[in-house]
Amino acid sequence: MIDLAKLPPERKIPAAHAQMRRETLEVHVVESLAPRGRRVTYRLVVVAAGASVLLFGGAAAAYVAFKPAAVPVVDQTRCYSKASLKGGDDDFYGTTVGQAVPAVGQRKAEAAVDICAALWRQGLLTLNSKEVGMPADKRDDYPVPALVACTLDNGIAAVLPGDEQTCARLGLPRLQE
């Protein structure tokens, strides 16, 4: 056992050595409080995985929204008088145009837009109106708004008044040219 009464007298430590000991001790304390490398790696992996999911999810959504889609062989086209899908299957702004002869191949955007433009030119469609029919004022030619062809979820071609961004705003793919 050590007798504390017989300890040697206290020695003076030079100031430079004391400062060096203090700095070394501070470095060790700071390192012990910092997160361990394993935690940083785990967090990095979680953040990278989350960012990848968001990036690829966003890319997939953009691909669906902006990729032109071909309409399967269907015998009808929907001509909308308002750039809105509200109303449901049969209750919408516009009308459905059918074909007497079954379609062969896939419907193209030009054909769908031409069909609906003809209805606008005849005055059968009026902007933002659910009513379809002959207008009271008889003219030879009625105005045709800018039209864009999209594809509905059920594969039917939908022609709506609007610009190139209308399909994307409604969450629909554009119809192939």
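Two residues are in contact when heavy atoms of one lie within 4.5 Å of heavy atoms of the other. With that in hand, a residue in a loop can be placed in its surroundings. Ser-84 belongs to the loop that runs between β1 (76-80) and β2 (94-98). Setting aside neighbours within four places in sequence, Ser-84 is in contact with Leu-160 and Leu-170. Its relative accessible area is 11%, and because buried means under 20%, Ser-84 counts as buried.

The model is a predicted one. Its protein has 177 residues, 25% of which count as buried. The secondary structure consists of 4 helices and 4 strands, and along the sequence these follow the order α-α-β-β-α-β-β-α. Among contacts with a separation of 6 or more, 59% are between residues 24 or more positions apart. The accessible surface is about 12,700 Å², and carbon and sulfur atoms account for 60% of that area.

A walk through the parts can begin before α1. Leu-4 lies in the segment that precedes this helix. With a relative accessible area of 66%, Leu-4 is exposed. Together with Ile-2 and Leu-7, Leu-4 makes a nonpolar surface patch of about 370 Å².

Next comes helix α1 itself, which spans residues 15-33. Here Arg-22 and Glu-26 sit 4 residues apart, about one turn of the helix. Side chains of opposite charge can pair when their charged atoms come close. Glu-26 and Arg-22 do form a salt bridge, and their closest N and O atoms are 3.4 Å apart. Arg-22 is exposed at 53% relative accessibility, while Glu-26, at 41%, is partly exposed.

How many salt bridges does a search of the whole structure find? The count is 2. Besides the pair in α1, there is a salt bridge between Arg-169 and Asp-163, with the closest N and O atoms 3.3 Å apart. Arg-169 has a relative accessible area of 59% and is exposed. Asp-163 has a relative accessible area of 41% and is partly exposed.

The strand β1 and the loop after it bring in the aromatic residues. A search of the whole structure finds 1 aromatic pair. The pair consists of Tyr-80 and Phe-92, whose ring centres are 4.8 Å apart and whose planes stand at 45°, so the pair is tilted. Tyr-80 is in strand β1 and Phe-92 is in the loop between β1 and β2, so the pair ties together parts that are 12 residues apart in sequence. Are these two residues buried or exposed? Tyr-80 is buried, with a relative accessible area of 3%. Phe-92 is buried as well, at 6% relative accessibility. The loop that holds Phe-92 also holds Ser-84.

Further along the chain, helix α3 covers residues 109-121, and the loop between α3 and β3 contains Asn-128. Most residues other than glycine have a negative phi. Asn-128 has a positive phi, near 60°. The relative accessible area of Asn-128 is 48%, so this residue is partly exposed.

After that loop comes strand β3. Where does β3 lie with respect to the rest of the structure? Of the 5 residues in β3 (residues 147-151), 5 are buried, so the strand is largely enclosed by the rest of the structure. Leu-147, Ala-149 and Thr-151 point one way from β3, whereas Val-148 and Cys-150 point the other way, and all are buried.

The partner of β3 is strand β4 (residues 157-161); the two run antiparallel and are joined by 5 bridges. Within this pairing, Ala-149 stands opposite Val-159 of β4. The two strands form a hairpin with 5 residues between them. Gly-155, in the turn, has a positive phi of about 90°.

The range of β4, residues 157-161, takes in Leu-160, one of the residues in contact with Ser-84. This returns the reader to the starting point: Ser-84 is a buried residue placed in the loop between β1 and β2.

How values were computed:
Residues numbered from 1 in each chain as written. Predicted model: local features only at pLDDT ≥ 70, side-chain atom pairs only at ≥ 80, totals over all residues. Heavy atoms only, no water. Buried < 20%, exposed > 50% of the residue type's maximum accessible area, 1.4 Å probe, protein only. Areas by Shrake-Rupley, 256 points an atom, 1.4 Å probe, with all protein chains shown as cover. Pairing = 2+ DSSP bridges. Salt bridge = Lys/Arg side-chain N within 4 Å of Asp/Glu carboxyl O. Patch = residues over 30% accessible without salt bridge, like charges linked within 9 Å, V, L, I, M, F, W, Y side chains within 5 Å. Phe/Tyr/Trp six-rings, centres within 6.5 Å; stacked < 30°, edge-to-face > 60°.
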